[in-house]
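Let's take a walk through this one together. Have the coordinates open and follow along as we go.

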Amino acid sequence: CAAIPDALLESELFGYKRGAFTDARTDRGGMFLEADGGTLFLDEIGDLSPTLQAKLLRALAEREIRPLGAARPEKIDVRVISATHRDLEQRLQQGSFREDLYYRINVVKIVLPALRDRGGDVLLLAQHFLSQLAPRSGKPDLKLSMAAAEKLMAYNWPGNVRELENCMER
């Protein structure tokens, strides 16, 4: 959600009809229609603009979408899974995230602690990344030395798992 500008994200999510805007030469279903009967993953939902939050809430509440330029809404049956690095409770208090949308998407909440709070995972993940890298680099089994393991465990990992993966590749 954060990587696509609002004007494009609306048409990516909800689709559009031919003629809805200058370059709309054909109908396009959008992600909700493509995921109909299945699951749609919305990453970085905490970065949605207030306008798109309202449109997403309507889609989830009514179980229908209206593609840009469409005369009628279309029914959808989509399970939505969302993720964010934002603190949505804090955004609620600040007024930058809709409370009704928050309660609509917060059915099953999974909090994944930062890597620095999961010390035992650091070495497991590091070894996993090394085992993935070994065949690609044409090297035999790669293993951590005791000194390397100690340094990995002592580090705070502000970039979490992605930082650890890049560290292993380096």
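Helices and strands here are DSSP runs, at least four residues of H or I for a helix and at least two of E for a strand, numbered from the N terminus. With that in hand, we can place Ile65: it lies in strand β2. Keep in mind that you are looking at a predicted model. The protein chain averages a pLDDT of 92, and 100% of the residues score at least 70. Confidence is lowest in helix α1 (residues 6–14), with a mean of 90, and highest in helix α5 (residues 99–105), at 97.

Back to Ile65, then. Is Ile65 buried or exposed? Buried means under 20% relative accessible area, and Ile65 has a relative accessibility of 1%, so it counts as buried. Leaving aside residues up to four places away in sequence, Ile65 touches Phe14, Phe32, Leu33, Ala59, Pro73, Glu74 and Ile76.

One of those partners, Phe14, takes us to α1. The buried residues of this helix are Leu9, Glu10, Ser11, Leu13 and Phe14. What covers them includes α2 (30–34), β1, α3 and β2 (64–65). Right after α1 comes Gly15, with a positive phi near 80°.

Now for a couple of backbone oddities. Most residues other than glycine have a negative phi. Glu44 is not a glycine, yet its phi is positive, about 60°. You'll find Glu44 in the loop between β1 (39–43) and α3 (50–62). Asn160 also has a positive phi, near 55°, and this residue sits in helix α8 (residues 160–169). With a relative accessible area of 28%, Asn160 is partly exposed.

Where does Gly37 sit? Look in the loop between α2 and β1. Its relative accessibility is 63%, so Gly37 counts as exposed. Gly37 also makes a handy starting point for getting across the model: its C-alpha atom is separated by 45 Å from that of Ala149, with the two positions 112 residues apart along the chain. A second such pair is Ile65 and Asn166, which are 101 residues apart in sequence and 40 Å apart in space, C-alpha to C-alpha.

Ala149 brings us to a helix pair. Two packed helices are described by the angle between their axes and the distance between the axes. For helix α6 (residues 119–137) and helix α7 (residues 146–154), the axes come within 9 Å and cross at roughly 135°. Angles over 145 degrees would count as roughly antiparallel, so α6 and α7 are oblique to each other instead. The crossing of α6 past α7 is right-handed. On the α6 side, Gly119, Val122, Leu123 and Ala126 meet Ala149, Leu152 and Met153 of α7. By type, the residues of this contact divide into six nonpolar, one polar and no charged.

Helix α6 has another partner, α8. Here the axes come within 9 Å and cross at roughly 45°, an angle that makes α6 and α8 oblique to each other. Again, α6 passes α8 in a right-handed crossing. From α6, the residues Val122, Leu125, Ala126, Phe129, Leu130 and Leu133 meet Val161, Leu164, Glu165, Met168 and Glu169 of α8. What is the make-up of this contact of α6 with α8? Its residues split into nine nonpolar, no polar and two charged.

Methods: Residues numbered from 1 in each chain as written. Predicted model: local features only at pLDDT ≥ 70, side-chain atom pairs only at ≥ 80, totals over all residues. Heavy atoms only, no water. pLDDT = per-residue confidence, 0-100. Axes fitted to C-alpha atoms, helices over the stretch in contact; angles between N-to-C directions. Parallel < 35°, antiparallel > 145°, perpendicular 65-115°, else oblique. Left-handed = near helix turned anticlockwise from the far one by under 90°. Contact = heavy atoms within 4.5 Å. Nonpolar A, V, L, I, M, F, W, Y, C, P; charged D, E, K, R; others polar. Buried < 20%, exposed > 50% of the residue type's maximum accessible area, 1.4 Å probe, protein only.
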